[in-house]
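Trainee: I should like to take a close look at the aromatic rings of this protein and their surroundings. May I put a request to you once the structure is displayed?

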Amino acid sequence: MWSPDVAHTDSVRVLASPITVDRGSPAPRPPRRGRADLRLTIAVAAVLIAAMGPLLRVIAPGSWLAAGVLLAALILAAGYLAHRRRLPAVAVSGIQLLLWAVFLTACYLPETALLWVLPTPETLREAPALLTAGMNEIFVGTAPLSAGDGLTLLLVGAIGLFAIVLDHVVVTARMPLLAVAGVVAVWLVPALAAPSGMDVVSFAFLAAAILFLLRAETRTRETPAVPPGRATAATPTVRRAGVGATAVGIGAIAIVVAITVTPLLPAPTMRAGAAGGLGTAATINPSLDLGEDLRRLNNIPVLYVRSNAPQAPYLRVATLSSFDGSRWLPDRIRTLPLDSSYGFGELRTDESLRVTAYRTTVEVTNLASAWLPVAFPAVAVEGLEGDWEAMPFNRTVVSQTANSQGQSYEVQTHVPRPTREQIRATRAGGTVLRDATYALPDVPMDAIRQAATAVTAGAENDYDRLIALQSWFRGDEFTYSLDAPVADGFDGSGIEAIEQFVVQKEGYCVHFASAFAVMARLMGMPARIVVGYLPGTGNGSIVEGQVQYQVTSDQLHAWPEVHFDGIGWVPFEPTKSLGTPTSFLPERVAPTDDAGEDLTGGVEEPVAPSASIAPTDPAMNPDRDDQALSGPATPAGISLTGALTAIAVLLLLAAPAALREIVRRRRLTAARRGDAASAWLGVREAAVDLGIPVPAAESPRAFGARLIAEYDAPPDAVSLLVTAIERASYAPEAGAAGGASAGAAPDSALSNAVSAVTGAMSASQSRGRRLLATVVPRSLVVRPGSAYAAARVPA
């Protein structure tokens, strides 16, 4: 029986061989690791920069980008120098965190700092408010964001922390695969936040950076071809055959598959009941990129609404006032806690107007959004779960922590109800409006201006001009179409798209609303665009005495509003064949009683408010384009997308086990060829999978002794493996000269020894531990000898 205390005879000869030194030549120097560590640090920097690529589609480049890159460079440089000094890992991370705090303080909070760089208690009090402002920019903004002070601090701080984590995981813990998983997750976040076409260049850059990182880390593990004491700077290193080629080959295949196959996969679609199944809930992008949403094949119910108003109301989620000539941007204005005493604030209207209070109940079934669909003009919302905030200026509701999925709530609205005479006598405008509601880009708009002038030539007041525009857009000249803008290249809301739309006279709600709002501004009227949902279609249900309406995903809509002094924002419906056009009844028409509560009497002849437009029923609008509302019915059972998603999830769960099996077989194949290093690495990786400690400081002989004593490993197999790895490590010349008999075990002896030892280790563990080692093999991310492999993993 082999004893760990007695060396094998051949090993004794090798270890006992005298080491001669040539006195006439300079003493050899040990191999320098500085170059390898520098290469690894550069690789970490490359991966970090690659992970930031998609972020530039979501947040416009600015000072945050330069500051973030500079901070990451300083942190990685500090880590490299600290590692060169052989400082403990805790000290390295501590230095980097101190540098991170000093940099952020000096750049963004110097007024509260000691000597403008050292954080103080006042700095710690000021920072949360700035970070909260940054988070608010993210939640209420739309891509591409223009980073303010708060968002800049948030971004630069996050980049710095990410650099610290990568440096620790890759350089200190030597776990590059774990770092790669984190980098890929960070890279995917912007793509999920602002979906767009596949960015091949960004993906290729990320893939190249990851391959460079893995190769750089692998090269730090390559050992000199002679014992450490006899190595020189010129000594060649031993590189395992095929390692680099295999890594590059796998990476190249993965890149090619991702680039060529991914665009061919079906896009995720929405389906009913997704909250509890494999599908994904509908969501809302508070911008005018509605074309793709409306062109989706699947059409699902997203919410149900009922109201005591005469007709079901439109539900808004966001307003867009800022227009830069290429796109409309959601309003970024102050918010107040919804449940506070301030909330929306008081609705201010002229005393002569009749104002009626209504209540609308909304039940969200399949819509996950930080923007809440509410009727207008809301004065209170009750029944919500989570923290929600109100925007008093546009009376919308948003949240930084909650979402609309599963919410059931009641919206109270106070609706102004002017007569036709009253609104005709009122000028469009107001004293409390933001400049953005009037602003237009400084670009030629001759075609749009000429069309607006021609259409409104006979009108004598602002209201009649707007009604003339609405009638023109809804008239025989225009056609509702989702496909024409795409085919003719004007699928957008910018000036060029509007000009083409006015000429082509084909488009969908975005084009009608954008053209209407721009024309209103050209005539000096404050206008904005609203994104929300059409009122829906009655489903035949009566709940608490009220008709229930079903709102579907493809009823996402955009419409314009114009502000009238003393009345407020008045919505219009210019989109051809959708909804009911805005109109007000004259004073002579008798008022209609409804279930609302009149708050102010005003005149006795109220009108149907434009905020309560009739529900969109295909039977009531036979000329509507079928694509606008009705799509293919969702098939019963699991859809094709759901099945593919389930398969993808199963493949993803099975991927670690499959990859580990491939690695294990490669180790055994190399062992059959006499590769002692691969054989020994196979044993150590199996130990890591099973939670057996594999510390770096433990010699092969000591590790083998522990396997025999604690895990019943067969002594003969352990002796063969230990002898082989010692020969490969300390006498490579002998192995090269003597062939298999001197440098490696013959034929399949090594591979059989690996199988015997790993089988004994597995048998010594519980069934649960063996299952976990198969399903979640730790050796894919935890390298033998790393800090995370040194401790025993609890069973």
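Over the ring of which residue does the charged end of arginine 316 sit? Please continue from there to the other aromatic rings.

Mentor: The model before us is predicted. In it, the charged end of arginine 316 sits over the ring of phenylalanine 376, at 3.7 Å from the ring centre. A second arginine, arginine 528, lies over the face of tryptophan 569, 4.0 Å from the centre of that ring.

Rings also pair with one another, and the count comes to 14 aromatic pairs. One of them joins phenylalanine 323 and tryptophan 328, whose ring centres are 4.5 Å apart with 20° between the planes. Because planes under 30 degrees apart count as stacked, this pair is stacked. Phenylalanine 323 is buried, at 8% relative accessible area, and tryptophan 328 is buried as well, at 1%.

Phenylalanine 473 and phenylalanine 512 form an edge-to-face pair, with 6.1 Å between centres and 80° between planes. Phenylalanine 473 belongs to helix H14 and phenylalanine 512 to helix H17, so the pair ties together parts 39 residues apart in sequence. Phenylalanine 473 is buried, with a relative accessible area of 0%, and phenylalanine 512 likewise counts as buried at 0%. Both rings belong to a cluster linked by ring pairs, which also includes Trp472, Phe478, Phe501, Phe516 and Phe572.

Helix H17 has a further neighbour. Its axis and that of helix H13 come within 10 Å and cross at roughly 80°, so H13 and H17 are roughly perpendicular to each other. Ile448, Arg449, Ala451 and Ala452 of H13 meet Val518, Met519 and Leu522 of H17. By class, this contact has six nonpolar residues, one charged residue and no polar ones.

Note on methods: Residues numbered from 1 in each chain as written. Predicted model: local features only at pLDDT ≥ 70, side-chain atom pairs only at ≥ 80, totals over all residues. Heavy atoms only, no water. Axes fitted to C-alpha atoms, helices over the stretch in contact; angles between N-to-C directions. Helix = DSSP H or I, 4+ residues; strand = E, 2+ residues; numbered from the N terminus. Parallel < 35°, antiparallel > 145°, perpendicular 65-115°, else oblique. Contact = heavy atoms within 4.5 Å. Nonpolar A, V, L, I, M, F, W, Y, C, P; charged D, E, K, R; others polar. Phe/Tyr/Trp six-rings, centres within 6.5 Å; stacked < 30°, edge-to-face > 60°. Buried < 20%, exposed > 50% of the residue type's maximum accessible area, 1.4 Å probe, protein only. Lys NZ or Arg CZ within 6 Å of the ring centre and 35° of its normal.
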